[in-house]
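Ready for a few exercises with worked solutions? Have a look at the chain first, then work through the tasks one by one.

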Amino acid sequence: MGIDDKKKKLRELLSDIERLNRDVSDEKFELAGPLPEEELSDVLGPEENEAFAEEDRIKIVPMIPLRGLAIFPYMVLHFDIGREKSISALEKAMIRNQMIFLVAQRDAETDLPTGEDFYRVGTIAKIKQMLKLPGDAIRVLVEGISRGVVDHIIFEVPYFKCAVREMEEVEYEEIPNRVAALMRSTLTRFEEYLNLSPKVSQDIFPSVASVDQPGRLADVITSHIDAKQEDKQSVLEAFDPERRLEVLNGILVKEIDILQIERDINSKVRMQINKSQREYYLREQMRAIQEELGQDEAIESEIEDWLKQLAELNLAEKTAQKIEKEIKRLTKIQSSSAEGGVIRSYIEWIFALPWNKYTQEKTDIPKSERILNEDHYGLEKVKERILEYLSVMQLSESLKGPILCLVGPPGVGKTSVAKSIARATGREFVRMSLGGVRDEAEIRGHRRTYIGAIPGRVVSAMKEAGSMDPVFLFDEIDKIGNDFRGDPASALLEVLDPEQNKDFTDHYLEIPFDLSKVMFITTANTADTIPRPLLDRMEVIEVPGYTEEEKVKIAEQYLVPKKIKEHGLAPAHVRISEQTTREIINYYTRESGVRNLEREIANVCRKVARRVVEKEIATTRVNPSNIERFLGKKRFRYDVIANETQVGVTTGLAWTSVGGVTLSIETAVVPGSGRLVLTGQLGDVMKESARAGVSYIRSLSDELGIKKSFYKDDDLHIHIPEGATPKDGPSAGVTMFCAMVSALTDTPARQDIAMTGEITLRGKILPVGGIREKVLAAHRAGIRKVLLPAGNERDIDDVPQNVRRKLEFVLIENADEAMKHVLVRAALPEPAPPVKKQAVKRRAGAGAFAGAKRDH
């Protein structure tokens, strides 16, 4: 049998083996595995087989596909394998001649490669060492022998076995000039590559430069550069040394360009690195240090979140820089330290505030007016002012928030009207009570140097509101105090000044906070105790006490339905007549507002609720005849002034915190040493008014027919009931004057005429306050004529129209005029002509009406 026939039979056997490999299982293949080599030996024989191998340079060797790795001839390196096929191929090679074929996979991600998943050109290598690692992995040390090309795959299971054609390396005894030039160019570029690349040491260049064969030089250089797998494979597939150097030169040129661009980019980045980038690197280092110290890793992400929130707030530059500085301070301080807790609390407060958040304000004027009327009866001035503000806001968005001060007695709805304003304008509502506040830190906050420091109540309320434009109520501003800890009223100057509050600075925050869009409303029972600088910054609106008619309307429209609903009753369960409401107002409450009236109505509802539950009474009618069964005996009485006269007794008018009242001023003349005795808990101002009246009487003693020595021989005793109630003020001056004249001249005085006014040493009557409340008290007591200072003429318009119709108002400028109306002696001595002329002139100046009277 000739060589050609044997080759033909060998190929037929190899084809049968491939077919068998596809058709049989792994277990069966172990029996058939050795067959090809035995058949081959039987067919060719030892000598002929060697001749065949030398002729075609085909080797039958196990193959291992490599992932991300290329092996070149003359290269010694180690790698790890763990796939079952690779381990089986390795074991088979170790049994045979330790020769193995190494080829690179096209895709390193493929775990179970087939014949199409690896390149055809690889390296035939010899296994130098094998070491088993934990986890069934094996570390292999190999040495590249020569290039090889896969002729065909013999089988793939249980490992890859291939027929590989060994490619002989061309070696030059005398290197051509072109090849030498390529070698020199390649070395030059490789040296440049080493200078640019930080991954390869320059110490290898001498050993590389000592290689004298061009093909081997290309392989050694390729094995050292950090090139793509495809580029290295292209060098491996270049069998001609000259072609191989050309391919390698192209790869080096490309890699050098990439390294130069990378170096330029790095240089530019280093030149353009800014403060934030440097701090980022420092933070990374700090984080590593903190991790070593066992600190919380989450703080870095928290700081990044804070910085993002800060950027979104769009604050002023200085404010943002201040907050950013505090945030970055936290990275330099151990989070568990006390200082870290202070900074964290500060930052949390900053981000809790409603920076640049505004509510959608309502500008529907009719709807806002309807809301105000639904919540409150009367209060026309307050409602009018709020509607004016809303109207201007609809025309101009640049208007600053108003600062209103509602002054009036307790229970008239000052606090509740602020809530209604918030509802009518669509704003949030926050309230701060100033009663008893004595510490400035309550307004401005504490500095962070103090343990447990927090912002002031103004900033805290803004946080609670959640917007920059709430309705902010300062309640009881007239009861604010001061002591060694500071003056809160002075701190409020900045808050309530439209020119300053846009940059309000809390001691805790230490950054400006805009309060200019806030609608500030303050309440007070009296404006007298409010510091003048603070009062000057507010628009004062008087909220007067309610008349009886207004209280009746409020009870019928608001209080009774409200209390019936609160107590679980139905409207049919209780019937309260209008007359019953008046009885409750007059005999069970004494106030300017309706707070106690609301309590008494609630008391009635509770008793009705018990009757409904216990006795199942469907309807209870409350009327004046049975009101005492629900509320007990009458607590108050209102003296109805009789149409009578008494010597030394006159009727005055006073204004108290619960509204106006009538005063019965009694005067007695007793023998003595000229003392003026004042009883009834009178204040200093009231006592001084009495003394001024005595001095004026002494100046008129001749005209009035009073003995001139009365201030030496007689004592004057003035008593004002009720004695347990403190009284003060100048408005009873004219009343005490008339009572003393009546007692000294033994002239009866009419008690059905009430009067008020301050008296001077010249007998002039000066205007006083509280006219509306005083007039209402006179009307309630049955008085039909009221003497008022001429300067209070404008205040008569504030009196309800239904009350004005029932009263006669007399405007007086001098005490002489008051005597003519109050004293009823038929033959009072006429004043001297000069005095008479002066009085007539003043009467004429008071108004052109008969008897100096005016009926409103």
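**Exercise 1. Work out what share of the contacts with a separation of 6 or more comes from residues 24 or more positions apart.**

Step 1: A contact means heavy atoms within 4.5 Å. Step 2: Of the contacts in the chain with a separation of 6 or more, 73% are between residues 24 or more positions apart. Step 3: A word on where this comes from: the model is predicted, local features need pLDDT of at least 70, side-chain atom pairs count only at pLDDT 80 or more, and totals for chains, interfaces and linings use all residues. Residues are numbered from 1 along each chain as its sequence is written, and side-chain values use heavy atoms, with hydrogens and water left out.

**Exercise 2. Take stock of the chain: how many helices and strands are there, and what percentage of the residues is buried?**

Step 1: Helices (H or I, at least four residues) and strands (E, at least two) are DSSP runs, numbered from the N terminus. Counted like that, the chain has 32 helices and 27 strands. Step 2: Buried means under 20% relative accessible area, exposed over 50%, and partly exposed in between (1.4 Å probe, protein chains only). By that rule, 47% of the 856 residues are buried.

**Exercise 3. Find the order of the strands in the open five-stranded sheet, then say which strands stand at its edges.**

Step 1: Two strands pair if DSSP finds at least two bridges between them. Step 2: The order is β8-β9-β12-β7-β13, and the pairing is parallel. Step 3: β8 (429-433) and β13 (539-542) are the edge strands; each has a single partner strand, so one side of each has no neighbour in the sheet. Step 4: Ignoring direction, neighbouring strands here are turned by 20° against each other on average; axes are lines fitted to C-alpha atoms, for helices over the stretch in contact, and angles run from 0 to 180 degrees between N-to-C directions.

Step 5: Now zoom in on β8. With β9 (residues 471-475), β8 makes five bridges in the parallel sense, and M432 has F474 as its bridge partner in β9. Step 6: β8 also has two faces: V430 and M432 are on the covered one, while F429, R431 and S433 are on the uncovered one.

**Exercise 4. Check the span of helix α16 (residues 414-425) and find what covers its buried residues.**

Step 1: The expected span is 1.5 Å times one less than the number of residues. For the twelve residues of α16 that gives 16 Å, and the end C-alpha atoms are 17 Å apart, which agrees. Step 2: The buried residues of α16 are K414, V417, A418, S420, I421, A422, A424 and T425. Step 3: Their cover includes the helices α14 (365-375) and α15 (380-395), plus the strands β7 (403-407), β8, β9 and β12 (519-524). Step 4: Right after α16 comes G426, with a positive phi near 75°.

**Exercise 5. Look at two salt bridges: which partner does K254 have, and which partner does E494 have?**

Step 1: A salt bridge puts a side-chain nitrogen of Lys or Arg within 4 Å of a carboxyl oxygen of Asp or Glu. The structure holds 39 of them. Step 2: K254 pairs with D231, with the closest N and O atoms 3.0 Å apart. The pair links helix α9 (residues 241-272), which holds K254, to helix α8 (residues 229-236), which holds D231, 23 residues apart. K254 counts as partly exposed because its relative accessibility is 36%, whereas D231, at 13%, is buried. Step 3: E494 pairs with R444 at 2.7 Å, N to O. These two sit 50 residues apart, E494 in helix α19 (residues 488-495) and R444 in helix α17 (residues 441-444). E494 is buried at 12%, and R444 is buried at 15%.

**Exercise 6. In the largest nonpolar core, which residues touch the most other members?**

Step 1: A nonpolar core is a set of buried Ala, Val, Leu, Ile, Met, Phe, Trp, Tyr and Cys residues joined through side-chain atoms within 4.5 Å. Step 2: Among the 55 residues of the largest core, the answer is F472, F474 and V495. Helix α13 (residues 338-352) supplies the largest share of this core, six residues. Step 3: Leaving out residues up to four places away in sequence, V495 touches I443, V458, F474, N501, F504, L515 and F520.
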